[in-house]
Amino acid sequence: METLLTLVEIVFINLILSGDNALIIGMASRHLSDVQRRKVFVYGTCGIIIIYVILASLASVLLHFPFVKLVGGLLLIATAVKLLTSAEQIDDGEDKKSKTVRKALFVILLSNVVIGLDNVLSITMLAKGNFPLMIGSIMISIVFLVWGSTHIAQLMGSYPLLITAGSLILTYSATMMMVSDPFLVSFFIQLPFLKTMLPTIFTISVLCFNILYVLKKKFVYFRT
């Protein structure tokens, strides 16, 4: 009974922590057809499970190394910007379709490597070293995660403003990861206010970039 309660607790916590994962999957697959999206979800789910199993063995060690969270956060911010500026149209050619699927899978799996570090560490602590419990909870969480991201992708197709909101949330979370990097701990002890301000500064910067990008596209469109 205690193991079952722990499993439910870990699944619940992991779903909360995986909000960014669902956003990324939804955003990366929002332009795909239903057939392509199902293909991405199947391959992506298998890939995420493998990534999480590997990270479960390495997370508690990796997260204590300097620069891991810092570089990971920068990669996530780059992903957020890339998703904002991704092409709106998809070519009908088979070669283009396969490239689009591969591109979506690459974004999803790379982002899950970064986000998974923090998530898996939390799961490891909750499972108290019970590896089968940890793996079982990860697999259950991923099923719910992929199911939720399907609805997110559909919503983003209908409401493009959600893409901007998702990118801003991802940027904020990525910056929060960066400021917790062991390399920066001593720096922020001296400047604690900067640790609080940086996530907001980065998020506002990405928002300004998005506004300028949209205005530039409209300007080019009207000129032509």
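A residue counts as buried when its relative accessible area is under 20%. Keep that cut-off in mind as you click through this predicted model.

**Stop 1: two neighbouring rings.** Select Phe-188. Its relative accessibility is 6%, so Phe-188 is buried. Now add Phe-187, which comes out at 39% and therefore counts as partly exposed. The structure has 3 aromatic pairs, and these two residues make one of them: the ring centres of Phe-187 and Phe-188 are 5.3 Å apart with the planes at 70°, so this pair is edge-to-face.

**Stop 2: a stacked pair.** Next, pick Phe-209 and Tyr-213. Their rings are stacked, with 6.2 Å from centre to centre and 20° between the planes. Why are they about one helical turn apart? Both sit in helix H9 (residues 192-223), and they are 4 residues apart there. Try colouring by accessibility: Phe-209 is partly exposed at 35%, and Tyr-213 is partly exposed too, at 25%.

**Stop 3: the core.** Time to look inside. Nonpolar side chains tend to be buried together in soluble globular proteins. Here the largest nonpolar core holds 45 residues, and Val-40 and Leu-76 are the ones touching the most other members. Helices supplying at least two residues each include H2 (19-28), H3 (34-62), H4 (68-84) and H9. Which helix gives the largest share of this core? That would be H5, with 8 residues; select 94-127 to see this helix.

**Last stop: Val-40.** Zoom in on Val-40 and show its contacts. Leaving aside residues up to four places away in sequence, Val-40 touches Leu-32, Thr-45, Val-101, Ala-104, Leu-105 and Ile-108.

Methods
Residues numbered from 1 in each chain as written. Predicted model: local features only at pLDDT ≥ 70, side-chain atom pairs only at ≥ 80, totals over all residues. Heavy atoms only, no water. Phe/Tyr/Trp six-rings, centres within 6.5 Å; stacked < 30°, edge-to-face > 60°. Buried < 20%, exposed > 50% of the residue type's maximum accessible area, 1.4 Å probe, protein only. Core = buried A, V, L, I, M, F, W, Y, C linked by side-chain atoms within 4.5 Å. Contact = heavy atoms within 4.5 Å.
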